[in-house]
Each structure stands twice: as C-alpha cells, then as structure tokens.
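Visitor: Could you take me on a close look at the surroundings of the ligand, and then show me how that part fits into the rest of the chain?

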Amino acid sequence: MKNNVIKVSGLNKDFKISKNYDSFFKRIFSNSSETISAISDFNFTVETGEILGILGKNGAGKTSLIKMLTGILTPTSGEIEVIGYCPQKNRYKYTFSIGVVLGQKSLLWYNIPVIESLKLYKSIYGIDDEKFNKRLALFERGFAIKKLLDVPVRKLSLGERMKCEIVASLLHDPTVLFLDEPTIGLDVISKEQIHKFLKRMNKELDTTIIITTHNLDDIEKLCNRVLLIDHGKKIFDGAKDHLLSLDDKKTIIVKGKLNISPSVSQYLVNENQNVYKFQCSKDNINIIGEILKDSPEISDIEIYNNNLEMIISKIYKGEIVLNDCPN
Ligand SMILES: Nc1ncnc2c1ncn2[C@@H]1O[C@H](COP(=O)(O)OP(=O)(O)OP(=O)(O)O)[C@@H](O)[C@H]1O
C-alpha cells in the first residue's frame with residue numbers, strides 16, 4: 001500500500017469582491033462587497049505515484065485549488081498537507097520537494113538562454129554537477145531539448161517553451177509535480193511528447209502528478225483518476241474508467257438512403273439530409289445488421305464509442321446526473 005502524499009480536509013477558499021454596480025462611481029465609493037466561494041469543503045487524499053486530473057468549466061475553481069496546494073494562495077479555512085508540509089507555513093523547504101508549472105508564470109528568464117536559467121536553478125537547489133548532467137541527459141532523451149538550451153526563451157515557440165518549463169520544474173527531482181494547463185495551445189506532436197515524457201517520469205521515478213486541464217486528451221492519455229469541480233464543489237472524484245462507464249453507448253452514423261424498420265427506429269436520434277445518427281448500448285450493436293439488411297443504398301457507416309469528451313459534455317449539460325460525491 002502506498003503513502004498519501006497529499007491530504008486535504010475541510011478546504012475552503014472565498015474571495016471578496018466589490019459589488020458589480022452599473023455605475024462606475026457606485027462601484028468605487030461603495031463599501032459593499034460579495035463573497036465568491038471558489039473552493040467549498042474539499043476533502044481528498046492523493047497517493048504516491050498517482051496522476052490526478054482536475055477538470056471543470058471556466059471559473060470552476062481549478063487554479064484556486066492548485067494555488068493553495070502549492071502554497072501560493074492561503075485557504076480561508078481547512079487543512080492541506082503535502083509530503084508532510086503545510087504549503088503555506090513551510091514554503092522555503094516545501095518548494096524543494098515540489099515542481100510547479102503555472103501557465104501564466106514562467107520559470108525561465110525571458111531574455112537569457114534556457115541553459116542559464118537551468119544553471120540558476122541548479123545553484124538554488126544545490127544540485128551537484130554530476131546529478132545536473134544526468135538530469136539533463138534524461139530530459140534530452142525524453143524531450144530532445146539539446147538544440148533549445150542555448151536559445152533565449154523569447155525566441156522559443158510555445159511548445160518548445162512548455163517543454164523547457166517542465167524541464168526546469170523537474171530539475172531537482174520533486175516528489176510532486178503540479179501542472180496548470182500544460183498543453184494549452186500546443187500542437188498534437190508537442191502534446192504527445194509531453195504526455196509521453198510525464199508518463200515516463202511517473203513510471204520510472206514514481207513522481208506524483210496533479211494536472212488541471214480543459215484538454216480531455218491530457219486526461220485520456222495521462223490520468224488514472226479524475227477530480228471534477230463545478231462552482232467550487234467537488235462533484236466527482238474517482239477512477240477515469242468509472243467516469244467512462246457512466247455512458248457506454250455507441251454512436252452509429254449511417255450515410256445513404258435508408259429504409260428504417262420499426263425495430264431500428266427506436267435507436268434513431270437524428271436524421272438530416274440522408275445522414276442518420278443512431279445510439280445504442282453495446283448489447284444491441286447488432287442493429288447494424290438490421291440497418292444494412294433493409295437498405296442497399298448505404299454510402300458510408302461510422303461507429304464511435306462515447307468518449308470522455310462526450311461524457312464530460314453531458315455532465316456539464318446535466319444530461320448525466322452524478323450521484324452525490326462523497327467528500
Ligand atoms: N484573486 C481573485 N479575486 C477574486 N476572485 C477570484 C480570484 N481568483 C479567482 N477568483 C474567482 O474564483 C472563481 C474560481 O476561479 P479559478 O481561477 O480558480 O477557476 P478555474 O477553474 O481555474 O477557471 P479557468 O478554467 O477559467 O482558469 C472564479 O469565480 C474567479 O472569478
């Protein structure tokens with residue numbers, strides 16, 4: 001059995017903001033404010049070596065949560081313990097045990113070559129030459145960053161910069177890595193490289209990874225567990241496979257002229273200009289035979305499993321209702 005590296009109990013974060021009056025003067029001179037509950041009564045633990053994906057719509061509370069876990073924000077109430085530290089109380093020592101990549105805040109200095117920033121972190125973290133070179137060789141194998149090291153950060157593409165940010169965050173071999181939307185705006189190849197590299201760090205070094213994202217591909221490729229937030233509340237916390245099992249329907253798209261028999265019509269959900277969309281469970285997939293049998297003029301047929309994107313979209317729209325999530 002593995003240890004819990006993160007323990008969160010009764011965590012709340014409120015923000016006070018001034019009321020949004022129509023009039024500019026009222027807004028400036030009024031004392032009244034309202035409270036936004038960004039995170040409300042969170043309890044969860046994370047085991048060593050887990051890759052936890054935090055999902056939620058814009059403004060759900062993901063960044064507030066990750067900022068509290070990394071010690072950047074102070075909770076309104078509740079307890080956080082990460083690798084035995086309270087992030088807000090032991091910040092100096094704590095930062096030696098974690099890696100953090102926040103989208104808006106770069107770890108690298110804009111005008112100097114990447115290697116100079118890495119050397120600076122080498123001396124901050126007290127990494128000796130041998131370990132530093134070993135780490136660079138490891139990153140080089142995973143990320144092919146050699147040719148990027150002498151380039152000033154301002155000249156890197158978004159994908160190249162993100163790879164170097166991740167390298168900087170992992171230089172000191174942290175136990176837990178926090179990533180806030182690491183693949184935002186990246187092309188498919190860069191995303192793939194980042195997924196592969198993080199998987200490898202997790203597998204070989206047992207690095208625990210906490211990742212907030214809107215990119216469901218990050219969740220599909222990386223995470224074994226998902227925490228879903230809605231309006232500051234935890235609405236799902238469990239295995240990704242459990243989330244996928246909430247809707248195991250198949251979608252069948254058929255193009256052509258169809259004669260729809262009564263036994264098939266109950267599965268028809270949409271019909272538009274000779275394109276027909278059927279949905280069925282995997283137990284009645286044999287309706288395809290029925291469709292083909294009665295319709296000789298079919299030009300194309302596609303079958304999809306409902307994926308995470310469809311399921312999350314249905315949860316956001318209220319089409320899948322989650323049972324109360326135990327806190
Ligand atoms: N410093 C702040 N002052 C006031 N309100 C804030 C502050 N930071 C966040 N909020 C509010 O808290 C709520 C949660 O914000 P947060 O940034 O954590 O959401 P998020 O899930 O990360 O959103 P996104 O996906 O858009 O980045 C929002 O209503 C936001 O407006």
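Guide: Happy to. Keep in mind that this is a predicted model. The residues that surround the ligand are Phe15, Ile17, Ile36, Ala38, Gly56, Asn58, Gly59, Ala60, Gly61, Lys62, Thr63 and Ser64. By character, that shell splits into five nonpolar residues, six polar ones and one charged.

Three elements each bring at least two residues to the shell: strand E1 (4-18), strand E2 (33-47) and helix H2 (62-69). The top contributor is H2, which gives three residues.

Let's stay with H2 for a moment. Eight of its eight residues are buried, so the helix is mostly covered. The buried set runs through Lys62, Thr63, Ser64, Leu65, Ile66, Lys67, Met68 and Leu69. Lys62, Thr63 and Ser64 in this set also belong to the surroundings of the ligand. Just past the helix, Gly71 adopts a positive phi of about 90 degrees.

From Leu69 we can step into the nonpolar interior. The largest nonpolar core counts 60 residues, and those touching the most other members are Ile54, Leu69, Val167, Phe178 and Ile210. Helix H6 (residues 158-170) supplies the largest share of this core, with six residues. Phe178 leads us back to H2: setting aside neighbours within four places in sequence, Phe178 is in contact with Ile66, Leu69, Thr70, Ile98, Gly99, Val100 and Ile210. Apart from this core there is another one, made of eight residues, including Ile252, Tyr267, Tyr276 and Phe278.

Now for the wider layout. The protein chain is divided into domain 1 (4-244) and domain 2 (248-305), and the C-alpha centres of the two domains are 44 Å apart.

For a look at the second domain, try Thr251, which sits in strand E10 (residues 250-257). Thr251 has 17 other C-beta atoms within 10 Å, and because a buried residue needs 20 or more while an exposed one has 12 or fewer, Thr251 is classed as partly exposed. Not counting residues up to four places away in sequence, Thr251 touches Lys277, Gln279, Tyr304 and Asn306. As a ruler across the model, Thr251 and Val176 are 75 residues apart in sequence and 39 Å apart in space, C-alpha to C-alpha.

Finally, the confidence values you will want at hand: the protein chain has an average pLDDT of 89, with 94% of the residues scoring at least 70. For the complex, the predictor reports an ipTM of 0.97 and a pTM of 0.86.

Notes
Residues are numbered from 1 along each chain as its sequence is written. This is a predicted model: local features need pLDDT of at least 70, side-chain atom pairs count only at pLDDT 80 or more; totals for chains, interfaces and linings use all residues. A residue is near a molecule or strand if its C-beta atom, placed from the backbone, lies within 6 Å of it. Helices (H or I, at least four residues) and strands (E, at least two) are DSSP runs, numbered from the N terminus. Ala, Val, Leu, Ile, Met, Phe, Trp, Tyr, Cys and Pro count as nonpolar, Asp, Glu, Lys and Arg as charged, and the others, Gly among them, as polar. A nonpolar core is a set of buried Ala, Val, Leu, Ile, Met, Phe, Trp, Tyr and Cys residues joined through C-beta atoms within 7 Å. Two residues are in contact if their C-beta atoms, placed from the backbone, lie within 7 Å. Domain bounds come from an automatic or database domain assignment. pLDDT is the predictor's confidence in each residue, from 0 to 100.
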